[in-house]
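I opened the notebook to record some helix contacts and some empty spaces. The entries below follow the order in which I looked things up.

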Amino acid sequence: MRGLTKLFANATQSRPLLTVVAIFLGAVLTTVQGRLFSSALPDLRGQFGLDVLEAAWLGTALNGAQLISMPLAPWFATVVGATRVVVIPSVILGVAAVSVPLFMHHYPMLLGLHAVIGLCLGVYLPLTISLALRSVQPRFWLIVMAAYSLRVSTGMDGGMGVSAFLVEEISWHWVYWAAAIMAPMIAWLAWKAMPLTPVDKEGLRQADWAGMALLCLGLVMVFVGMESAERLGWWDSGLVVSTIAGGALLFGSAVIRAVVKKNAFGHLLAFGNRNICLCMLLACLFGIVMTPTSLLVPSFLTQMGGLKPMQTSTATWIAFLAYFASTPFTVYLARRVEPRLMIVSGLIIIAATAWLGTHISHDWRVDQFVSTLILQSLGENVMLVGLIAAFVTNLNPVHGVALGVYVPIARVMTPVVSGTIMTTWLRMTGDSSYTALRSAVQNGDPIVMERATAGVSHIASVITRESHVLAHIAGYNFVFWTSIVALLLAVFLRSSPPNPIAPPFAVAAK
């Protein structure tokens with residue numbers, strides 16, 4: 001009995017290494033779970049007996065709920081303690097995840113469980129960097145930042161391969177059971193790593209609950225509108241228009257409240273630093289520049305090779321392995337190069353890769369994409385580590401909680417919105433390319449007559465195929481010009497102040 005009590009007793013003193021392990025497991029779980037779900041959604045739809053729209057709303061609930069907990073997590077960690085903020089949602093997450101298969105044919109319950117899962121997942125990412133940096137010495141901070149950046153590729157690229165393996169080889173249940181196993185493990189590690197701290201009752205009494213409600217509800221409404229815009233017809237849908245307009249109004253009200261009201265939630269002091277403002281804009285644009293590995297290549301292989309989305313995981317595994325292999329080089333580079341130069345270098349690589357992507361043709365398969373996948377992963381790695389380092393070296397620690405309120409816009413909102421924008425762009429350019437190619441086919445043309453011997457349907461299939469190719473070329477052009485815009489922003493970054501982790505280094509006082 002004494003051994004069991006000791007096993008589940010709260011830590012009496014802080015254990016930095018265990019804290020880092022717990023919080024990074026949570027960060028990885030957040031990203032991987034989102035990718036697992038989105039990749040497996042076509043198969044889950046069949047298991048749950050849902051139509052396309054019903055299944056899509058599960059994803060909206062899962063991701064949108066994170067925009068409630070992510071802005072609030074840093075503040076709650078300072079008031080009620082990081083231990084409670086990590087442990088309680090982790091336990092709830094485990095229960096919710098294991099319950100999904102039990103309610104697979106009860107749609108309202110299914111929708112609610114996905115919202116609860118998203119709400120719990122949202123607490124990990126906002127605390128990852130702050131808790132990790134407080135738990136290790138500054139000489140290890142760059143390694144922490146590189147590990148944090150790696151979770152992006154682990155989730156977005158490796159997550160698709162894991163999803164394919166789980167669904168195709170084992171069982172779709174493991175899309176949820178993996179979280180049901182990991183979440184209690186994270187709760188136990190956090191419980192053993194971080195002692196409970198007293199609740200700041202005065203902070204709770206003085207909390208700006210109205211500001212929190214305005215900001216979180218505004219973010220969620222804008223997210224719902226943008227995420228569902230493509231499938232509901234953009235401005236033809238009253239739901240899309242009302243949620244985007246209403247959400248923008250609520251979010252704007254929260255920002256105005258933060259400016260005019262003393263001690264309001266989400267004050268804007270952190271954005272008085274020009275570098276922080278530029279880094280925030282670059283973080284938002286990162287959602288577009290990462291679409292080649294997360295969307296364009298898988299989409300192209302699906303359409304050209306007739307593959308299921310999960311069958312394109314060979315390409316995403318290449319991207320993940322390239323990202324992982326380049327991480328030591330990125331850490332080495334970050335110790336010797338300023339963060340702003342890292343950002344510029346990464347964007348140049350991404351822009352060059354996007355230019356190479358504009359030369360694709362219909363016979364490209366995974367083998368032809370290998371070089372672009374490797375270069376894209378290297379560029380993303382270098383840029384993201386530089387971007388995280390720029391945030392850390394330029395941010396006043398006093399403003400960390402306030403900045404954490406707005407960071408979810410870049411972490412959750414813009415990747416999903418970027419995917420919606422890119423999907424819409426592919427559809428629009430594909431339609432216009434199809435119309436242009438079809439108008440170029442003239443009756444009586446010798447080439448047309450030669451192809452017509454194989455049937456009119458063959459000509460139509462060729463036009464459709466080439467319109468898809470042109471659409472993806474347009475997608476790469478979009479990434480290229482977004483990279484150029486990001487580069488123009490990056491050149492206005494100033495050198496970081498002297499710091500202990502990246503150039504320019506602080507000079508020790510004599």
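Entry 1, the enclosed space. I began with the lining of the largest cavity, which by class has 4 nonpolar, 4 polar and no charged residues. The model is a predicted one. I listed the lining residues as Pro292, Thr293, Val297, Thr353, Thr372, Leu373, Gln376 and Tyr476. Helix H15 (291–305) and helix H18 (366–394) are the elements that give two or more residues to this lining. I noted a volume of about 40 Å³ for the largest cavity. Counting cavities of 30 Å³ or more, I arrived at 1.

Entry 2, an open space. I then turned to the second largest pocket, for which I noted about 510 Å³ of space. How many residues line the second largest pocket, and which lie nearest its centre? I found 24 lining residues, with Trp75, Asn263, Ala264, Phe265 and His267 nearest the centre. H4, helix H13 (238–260) and H19 are the elements that give two or more residues to the lining. Sorted by class, the lining of this pocket has 14 nonpolar, 6 polar and 4 charged residues.

Entry 3, H4 against H19. Since both helices appear in the pocket lining, I looked up how they pack. The axes of helix H4 (residues 66–79) and helix H19 (residues 400–440) come within 9 Å and cross at roughly 155°. Angles over 145 degrees count as roughly antiparallel, so I entered H4 as roughly antiparallel to H19. I put the crossing of H4 and H19 down as right-handed. From H4, the contact takes in Gln66, Leu67, Met70, Pro71, Pro74, Trp75 and Thr78. From H19, I listed Val401, Gly404, Val405, Pro408, Arg411, Val412 and Met413. The contact residues of H4 with H19 come to 10 nonpolar, 3 polar and 1 charged. Trp75 of H4 is in this contact, and Trp75 is also one of the residues nearest the centre of the second largest pocket.

Entry 4, H3 against H4. Are H3 and H4 roughly parallel or roughly antiparallel? I found helix H3 (residues 52–64) and H4 packed at an angle of about 5°, with axes 5 Å apart. The two helices are therefore roughly parallel to each other. In this contact Leu62, Asn63 and Gly64 of H3 meet Gln66, Leu67 and Ile68 of H4. I counted the classes as 3 nonpolar, 3 polar and no charged residues. Gln66 and Leu67 of H4, listed here against H3, also stand in the contact with H19.

Note on methods: Residues are numbered from 1 along each chain as its sequence is written. This is a predicted model: local features need pLDDT of at least 70, side-chain atom pairs count only at pLDDT 80 or more; totals for chains, interfaces and linings use all residues. Side-chain values use heavy atoms; hydrogens and water are left out. Axes are lines fitted to C-alpha atoms, for helices over the stretch in contact, and angles run from 0 to 180 degrees between N-to-C directions. Angles under 35 degrees count as roughly parallel, over 145 as roughly antiparallel, 65 to 115 as roughly perpendicular and the rest as oblique. A crossing is left-handed if the near helix is turned anticlockwise from the far one by less than a right angle, and right-handed if clockwise. Contact means heavy atoms within 4.5 Å. Ala, Val, Leu, Ile, Met, Phe, Trp, Tyr, Cys and Pro count as nonpolar, Asp, Glu, Lys and Arg as charged, and the others, Gly among them, as polar. On a 1 Å grid over the protein atoms alone, a cavity is a set of points where a 1.4 Å probe fits but cannot get out, and a pocket is an open set with protein on both sides within 12 Å along at least five of seven lines; lining residues have an atom within 4 Å of a point. Grid points are joined across faces, edges and corners, and a volume is the space filled by probe spheres set on the points.
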